[in-house]
Amino acid sequence: MAKGDRLARLDAQREEMETDYRAALIAALRTTAAGKWGLFDHRKDRVARAAAAPVVAQLTEMGEEIDEAREQLGLPPFALHAEFLASRGPVGPEAVGEPKQAQAWLDRLTAEDR
């Protein structure tokens, strides 16, 4: 029973961490949607990259902790974090800007909450 209790506590902690991650990501997306570039690292702009670095580092650390908990619980990796990481980096000239991309993410996350 002790192992079952430990796993239940870990699962509750994982759910809380995922909620915190989602809230931190939404806050970062709102900042980006308001016009602050750097979260998705689409430009080779060192100033924007440096400004967004603490937020990206926080999200990455949180995502890694969640993935560790999920692995212990036998769950697949945290999809929201994997999707965020996959969306970062250089894009072609036809891609939408970071503010529009952030707004699309916010619209999707809001629709999922309904």
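A residue is called buried here when its relative accessible area is under 20%. By that criterion H81, with a relative accessibility of 3%, counts as buried in this predicted model, because its value falls under the cut-off. H81 is located in helix 3, which comprises residues 79-87. When neighbours within four places in sequence are set aside, the residues in contact with H81 are Y21, L59, T60, G63, E64 and D67.

The overall architecture of the protein chain is helical, with four helices and zero strands, and from the N terminus on the elements follow the order α-α-α-α. The C-alpha trace spans about 55 × 30 × 20 Å along its principal axes. Of the 114 residues in the protein chain, 33% are buried, while the area that the chain exposes amounts to about 7200 Å², of which carbon and sulfur atoms supply 54%. Among contacts with a separation of 6 or more, 74% are made by residues that stand 24 or more positions apart.

Charged side chains form a further part of the description. The protein chain carries 16 positive and 20 negative side chains, and the centres of these two sets are 5 Å apart. Side chains of opposite charge can pair when their charged atoms come close. In the present structure, nine salt bridges are found.

Several of these pairings involve helix 1, which covers residues 2-33. The side chains of R22 and E112 meet in a salt bridge, with an N to O distance of 3.7 Å. Since R22 belongs to helix 1 and E112 to helix 4 (residues 98-113), the pair ties together parts that are 90 residues apart in sequence. E112 is partly exposed, as its relative accessible area is 46%. Elsewhere, salt bridges that share partners join D11, R14, E15, E18 and R70 into one network. Within this network, R14 pairs with E18 in a salt bridge of 3.0 Å, N to O; both residues lie in helix 1, where a spacing of four residues places them about one turn of the helix apart. Both E18 and R14 are buried, and for R14 the relative accessible area is 8%.

R14 also forms a salt bridge with E15, in which the closest N and O atoms are 3.6 Å apart. E15, likewise placed in helix 1, counts as partly exposed because its relative accessibility is 44%, whereas R14 is buried. The C-alpha atoms of E15 and I66 are 8.7 Å apart in space, although 51 residues separate the two in sequence.

On the surface, a negative patch is formed by E61, E64, E65, E68 and E71. One of these residues, E65, is found in helix 2, which extends over residues 46-73, and E65 counts as partly exposed, with a relative accessibility of 37%. Another member of the patch, E64, is among the residues in contact with the buried H81.

The loop between helix 1 and helix 2 contains two residues that may be considered in turn. D41 lies in this loop and has a phi near 55°, a positive value in a residue other than glycine. D41 is buried, because its relative accessible area of 17% is below the limit of 20%. R43 is found in the loop between helix 1 and helix 2 as well, but at 43% relative accessibility R43 counts as partly exposed. Leaving aside neighbours within four places in sequence, R43 is in contact with W37, R49 and E98. Between the C-alpha atoms of R43 and G97 the distance is 9.5 Å, with the two positions 54 residues apart along the chain.

Terms used
Residues numbered from 1 in each chain as written. Predicted model: local features only at pLDDT ≥ 70, side-chain atom pairs only at ≥ 80, totals over all residues. Heavy atoms only, no water. Patch = residues over 30% accessible without salt bridge, like charges linked within 9 Å, V, L, I, M, F, W, Y side chains within 5 Å. Areas by Shrake-Rupley, 256 points an atom, 1.4 Å probe, with all protein chains shown as cover. Salt bridge = Lys/Arg side-chain N within 4 Å of Asp/Glu carboxyl O. Lys, Arg positive; Asp, Glu negative; His and termini not counted. Charge placed at Lys NZ, Arg CZ, Asp CG, Glu CD. Buried < 20%, exposed > 50% of the residue type's maximum accessible area, 1.4 Å probe, protein only. Contact = heavy atoms within 4.5 Å.
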